[in-house]
Amino acid sequence: MITLTEENYLKAIYHLGKQGENNVSTNAIAQEMETKASSVTDMIKKLSEKEYADYKKYQGVTLTVKGKKIAVNVVRKHRLWEVFLAEKLNFSWDEIHEVAEQLEHIKSEKLIRQLDVFLGHPTHDPHGDPIPDETGQIKNIDKILLAQADVNDVCICVGVKDSSSEFLKYLDKHDIALGTELKITHKEPFDNSVTITINNLEFITSNIIANNIFVKVSKT
């Protein structure tokens, strides 16, 4: 049986390695997991012994087919639970991540299949991240960061890079959610801040904010 901690490590490697394909350093994993590099090395050795990961000293870690399958399944469960919490239990999008972190480790495959059916087979979670289907396939959408869009572009918010509670509360404060239409009216060369208009209200977002909002350009 795979442990909860092992699942968390596989998920971290999956995210850090761009869906498990690229080598990930132990230092990057340690930072993501908020632990010591020595602890990461010990865990990586265990994952390698179980054939969940391939580890080469000084080259980093990649997931095996077996390990990637587990990681994708955990991601699928996490994002389905986020949809359930937001749509059926009225959790706000800054609350759902922490609860879904606990629910993602439920083992019942039947429960997750039924949850998927109950929710109508959603393709994206409340943060805009794609939900893997039952076979592990992911349907990505074309998106760019708000900071990469051009002046006069009209964009639709389709996701966030930072899913922290603090950032999501900031977005709520400015009425920015998935599906929100916004227009870029100015980009400041000095500090790369971006002026946007939402519902005829104009305000300035910092470069940090603009680099954490994913948008799809609908028209220019």
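1. A word on residue classes to begin: Ala, Val, Leu, Ile, Met, Phe, Trp, Tyr, Cys and Pro count as nonpolar, Asp, Glu, Lys and Arg as charged, and the others, Gly among them, as polar. With that in hand, the lining of the second largest pocket divides into nine nonpolar, four polar and ten charged residues. Please keep in mind as you read that this is a predicted model.

2. Let us stay with that pocket for a moment. The second largest pocket has a volume of about 610 Å³, and 23 residues line it. Nearest its centre lie Lys69, Ile70, Asn73, Glu109 and Glu134. Two elements, H4 and helix H6 (109-118), each give two or more residues to this lining. The largest share is that of H4, with nine residues.

3. Now for the largest pocket, whose volume is about 1100 Å³. Its lining is made of 32 residues, and those nearest the centre are His15, Glu32, Arg79, Asp129 and Lys161. Helix H1 (4-16), helix H2 (26-33), H4 and H5 are the elements that give two or more residues to the lining of this pocket. Which helix gives the largest share of the lining? That is H1, with six residues. By class, the lining of the largest pocket holds eleven nonpolar, ten polar and eleven charged residues.

4. Since H1 has come up, here is how H1 packs with H2. The two helices meet at an angle of about 115°, and their axes are 10 Å apart. H1 passes H2 in a right-handed crossing. On the H1 side the contact is made by Asn8, Tyr9, Ala12, Ile13 and Leu16, and on the H2 side by Ala28, Ile29, Glu32 and Met33. Seven of the residues in this contact are nonpolar, one is polar and one is charged. You may recognise Glu32 from the largest pocket, where Glu32 is among the residues that lie nearest the centre.

5. H1 also packs with helix H3 (residues 37-49), here at an angle of about 100° and with the axes 11 Å apart. Because of that angle, H1 is roughly perpendicular to H3. Thr5, Glu6, Tyr9, Leu10 and Ile13 of H1 meet Ser39, Val40, Met43, Ile44 and Leu47 of H3. The contact of H1 with H3 has seven nonpolar residues, two polar and one charged. Tyr9 and Ile13 are worth finding in the model: they are among the H1 residues that meet H3, and they also take part in the contact with H2.

6. The last pair to look at is helix H4 (residues 65-87) with helix H5 (residues 96-103). Their packing angle is about 130°, and the axes lie 9 Å apart. How do H4 and H5 lie to each other, oblique or roughly parallel? H4 and H5 are oblique, because the angle falls outside the ranges for roughly parallel (under 35 degrees), roughly antiparallel (over 145) and roughly perpendicular (65 to 115). The crossing of H4 past H5 is right-handed.

7. To round off this pair, here are the residues involved. From H4, His78, Trp81, Glu82, Leu85 and Ala86 meet Ile96, His97, Val99, Ala100, Glu101 and Leu103 of H5. Seven residues of the contact are nonpolar, two are polar and two are charged.

How values were computed:
Residues are numbered from 1 along each chain as its sequence is written. This is a predicted model: local features need pLDDT of at least 70, side-chain atom pairs count only at pLDDT 80 or more; totals for chains, interfaces and linings use all residues. Side-chain values use heavy atoms; hydrogens and water are left out. Axes are lines fitted to C-alpha atoms, for helices over the stretch in contact, and angles run from 0 to 180 degrees between N-to-C directions. Helices (H or I, at least four residues) and strands (E, at least two) are DSSP runs, numbered from the N terminus. A crossing is left-handed if the near helix is turned anticlockwise from the far one by less than a right angle, and right-handed if clockwise. Contact means heavy atoms within 4.5 Å. On a 1 Å grid over the protein atoms alone, a cavity is a set of points where a 1.4 Å probe fits but cannot get out, and a pocket is an open set with protein on both sides within 12 Å along at least five of seven lines; lining residues have an atom within 4 Å of a point. Grid points are joined across faces, edges and corners, and a volume is the space filled by probe spheres set on the points.
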